[in-house]
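Biologist: I want to learn how to read the features of a model like this one. Can we go through them one at a time?

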Amino acid sequence: MSSESSANVLGHFGPYGGRFVPEALISALDELEAAHLSAQKDPLFQAELAHLHKTYTGRPSIITEVPRFAEHAGGVRILLKREDLNHTGSHKINNVLGQALLTKRMGKKRIIAETGAGQHGVASATAAALMGLDCVVYMGEEDTRRQALNVARMKLLGAEVIPVTQGSRTLKDAINEAMRDWVTNVDTTHYLLGTVAGPHPFPTMVRDFHRIIGVEARAQVLELTGKLPDVILACVGGGSNAIGIFHPFIDDAGVRLIGLEAGGSGVLTGLHAATITGGSPGVLHGTRSYVLQDANGQTVESHSISAGLDYPGVGPEHAYLHDIGRAEYRAITDDEAMEAFSLLCKTEGIIPAIETAHALAGAMKVGKELAAEGKGDAVLLINLSGRGDKDVQTAADYFGIQL
Amino acid sequence: MNSTPLAQLFAKLKLENRAALIGYVPAGFPSKAGCIEVIKAMVDGGVDAIEIGFPYSDPVMDGPIIQAAADQSLKAGTSASDVFETLAATTALGVPAVVMTYWNPIEKYGVAKFAQSLKAAGGSGVVTPDLTIEESAAWANAANSAAINRIYVVAPSTSPDRLPKVTAQCSGFVYAASLMGVTGTRTAVASGAKSLVQRIRETTSTPVAVGLGVSTQEQAHEVASYADGVIVGSAFIRLIQEAPSAEVGLQKVRELAAALALGVHR
């Protein structure tokens, strides 16, 4: 197959992607697409971004092998790509720095962003502070309560945080409100969308800024093991960290790509955020992909212990990779994720984000499956997309730890 | 699609030298039966055509007033069949009517089936605020087969290159968004509205209606001086939301419709 899973000129991945937005936004999306394409070919832009990644983000992120954790995954070999060690604590900074540079390139002075758990909001506030941009972050009122620490971080960084009281008061509604702001202020404002969803060019552009994860990992794993990994695993909410590590391996047919969705209380209970596993094709937030929706096409609320995966949509490229069979998508329940979370803490001294714990739980299952098939020497690469500092309260509540 | 009741209305009003007054309300607001009462009150007051909203969970083009109305309707369980029944009750009054809907409810219902059901309910067409012309192939086929109007929104930011491509896809009328923003009442009609309408007219002979932010007789009169239609939604809905009783709300809707209807005479 061709790596062109890549989008066509209208931003389509097979039947997915595209643009389903108010006409008012088309000129801004065209401007953004042009800026992205020219920046990709501009060695000065690339050098500036690479310099920032080296001196600010802390790239390349390292690979850590975790043999004690791997004992609980059928004894396979497990490598972690440590995006949790990036500045601001997750992969989100890769995209944010790229888009903030594009904002300056377009001559805009204000960025707006949505955030669920607060990681993308914090990363956006960070980039805005670094580059002298005004920053407004929309966050569901429910999430501002669940993630009060990140709200404080954003404010310390100089951003304005606007609690969204519409609808379900979570990430979905924060995106709606950010899009309304953008429709109104598009001349001066860039919408710094935090995942590989939304209208074209966002799914392609955000992926391109995260590909560095997979590009680095490919070279690192080759150097360490002398071959490509057998399986790559990543958690999928919108899907930005997953596409970032998957994409440079799409042409390598021997490498299994597995996305782990948030199964919440279990997909059969209806209380989940496993959009590909439990949803159906539809349109949400400007793109066609899989959506959690009812019989009338109304978006259904998602449920997950992980605020960062608690989203009823998913990036269109993942929908396409699923349909053509290039990537597999599985659901991990809250309980399975928390078991893996605890295990990585206690076997390796690494506290992962609860989002990331879904990928760890997936690796435990897949490792055991491979061992049972006599492939106990397999190498599994996991994108350790974020650290768990922000999740201490949630984890303490879950495990009954008194704070 | 010059044969729809909506297209015929614009042709007739052109001879009367006045603009069409188009009233918007979401189906199921304030209730399914109450919505039809609101529509009757609008028509009693002098509204020429009705735009029925399909309430949607993620209405990014709508401001707080219509969002609240749509939420209320969705909480009561409004479905596609409720929308079509409301449409049928409206067209039974002899009033041209269209549905305004975000795209996903059409896709979920079935694109061809949606156009057919709309036609069966006597509807003239559909306003699609988040359907870009690039994504319109299936809808164009379905709407053409059903002989209904496709009404796209054009914005002040729509480029000169793009504008004729969008208006060429429109029938019934072209929906000109008066400003960069979401639905809601404004104290003044945006200054860009008039020049946008002029730009649209250079590309098409299809009638042009202006929406977003029109709420008073004076604003309606101003818009009617250069456009073929004036669309008012949030101003009606706010009257119902703020009324102490349903009767008072309907009376206020009737009064506003009458005032606006005077305004649209040139």
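Biologist: Which residue with a positive phi follows H12(A)?

Modeller: First, a caution: this is a predicted model. The residue is A:Gly325, and its phi is near 80 degrees.

Biologist: How many residues of helix H12 (residues 316-323) of chain A are buried?

Modeller: Six of its eight, so the helix is mostly covered, taking buried as under 20% relative accessible area. The buried ones are A:Pro316, A:Glu317, A:His318, A:Ala319, A:Tyr320 and A:Leu321.

Biologist: What should I expect of phi outside glycine?

Modeller: Most residues other than glycine have a negative phi. A:Arg169 departs from that sign: its phi is positive, about 60 degrees, and it is not a glycine. It sits in the loop between strand S7 (160-164) and helix H8 (171-185) of chain A. With a relative accessible area of 33%, A:Arg169 is partly exposed.

Biologist: And B:Leu212: what is its phi, and is it buried or exposed?

Modeller: Phi of B:Leu212 is positive, near 85 degrees. Its relative accessibility is 6%, so B:Leu212 counts as buried. Look for it in the loop between strand S8 (208-211) and helix H10 (217-224) of chain B.

Biologist: Now the peptide bonds. Which bond leading to A:Pro60 is cis?

Modeller: The general idea: most peptide bonds are trans. Here the bond from A:Arg59 to A:Pro60 is cis, with omega near -5 degrees. A:Pro60 belongs to the loop between H2 and strand S3 (63-65) of chain A. Another cis bond joins A:His200 and A:Pro201, with omega about 15 degrees. A:Pro201 is in the loop between strand S8 (189-191) and helix H9 (202-225) of chain A.

Biologist: How do I describe two packed helices?

Modeller: Give the angle between their axes and the distance between the axes. Take helix H2 (residues 43-57) and helix H4 (residues 92-105), both of chain A: the angle is about 135 degrees and the axes are 11 Å apart. The two helices are therefore oblique to each other. Their crossing is right-handed.

Biologist: Which residues make that contact?

Modeller: From H2(A), they are A:Phe45, A:Glu48, A:Leu49, A:Leu52, A:His53, A:Tyr56 and A:Thr57. H4(A) supplies A:Ile93, A:Asn94, A:Leu97, A:Gly98, A:Leu101, A:Leu102 and A:Arg105. As background for reading such lists, an α-helix has 3.6 residues a turn, so residues three or four places apart point the same way.

Biologist: At what angle do helix H1 (residues 26-40) of chain A and H9(A) cross?

Modeller: At roughly 30 degrees, and their axes come within 10 Å. That angle makes H1(A) roughly parallel to H9(A). The crossing of H1(A) and H9(A) is left-handed. On the H1(A) side are A:Leu29, A:Leu32, A:His36 and A:Gln40. They meet A:Phe202, A:Met205, A:Asp208 and A:Phe209 in H9(A).

Biologist: Next, rings. How many aromatic pairs does the structure hold?

Modeller: It holds 15 over all chains. One of them joins A:Tyr398 and A:Phe399, with centres 5.0 Å apart and 85 degrees between the planes. Planes over 60 degrees apart count as edge-to-face, so this pair is edge-to-face. A:Tyr398 is partly exposed at 35% relative accessibility, and A:Phe399 is partly exposed at 36%. In chain B, the rings of B:Tyr109 and B:Phe114 also make an edge-to-face pair, with centres 5.6 Å apart and planes at 85 degrees.

Biologist: Are B:Tyr109 and B:Phe114 buried or exposed?

Modeller: B:Tyr109 is partly exposed at 22% relative accessibility, whereas B:Phe114 is buried at 0%. Both belong to one aromatic cluster, with B:Phe54, B:Phe84, B:Trp103 and B:Trp139.

Biologist: Which residue lies over the face of B:Tyr109?

Modeller: B:Lys113 does, at 4.3 Å from the ring centre.

Biologist: Last, a residue with contacts across chains. What is B:Thr132 in contact with, leaving aside its neighbours within four places in sequence?

Modeller: Its contacts are A:Arg19, A:Val21, A:Ile26 and B:Arg162. B:Thr132 lies in the loop between strand S4 (125-127) and helix H7 (137-146) of chain B. At 2% relative accessibility, B:Thr132 is buried.

How values were computed:
Residues are numbered from 1 along each chain as its sequence is written. Chains are lettered from A and ligands numbered from 1 in the order in which they are written. This is a predicted model: local features need pLDDT of at least 70, side-chain atom pairs count only at pLDDT 80 or more; totals for chains, interfaces and linings use all residues. Side-chain values use heavy atoms; hydrogens and water are left out. Helices (H or I, at least four residues) and strands (E, at least two) are DSSP runs, numbered from the N terminus. Buried means under 20% relative accessible area, exposed over 50%, partly exposed in between (1.4 Å probe, protein chains only). Contact means heavy atoms within 4.5 Å. Rings of Phe, Tyr and Trp (its six-membered ring) pair if their centres lie within 6.5 Å; planes under 30 degrees apart count as stacked, over 60 as edge-to-face and the rest as tilted. A charge sits over a ring if NZ of Lys or CZ of Arg is within 6 Å of the ring centre and within 35 degrees of the ring normal. Axes are lines fitted to C-alpha atoms, for helices over the stretch in contact, and angles run from 0 to 180 degrees between N-to-C directions. Angles under 35 degrees count as roughly parallel, over 145 as roughly antiparallel, 65 to 115 as roughly perpendicular and the rest as oblique. A crossing is left-handed if the near helix is turned anticlockwise from the far one by less than a right angle, and right-handed if clockwise.
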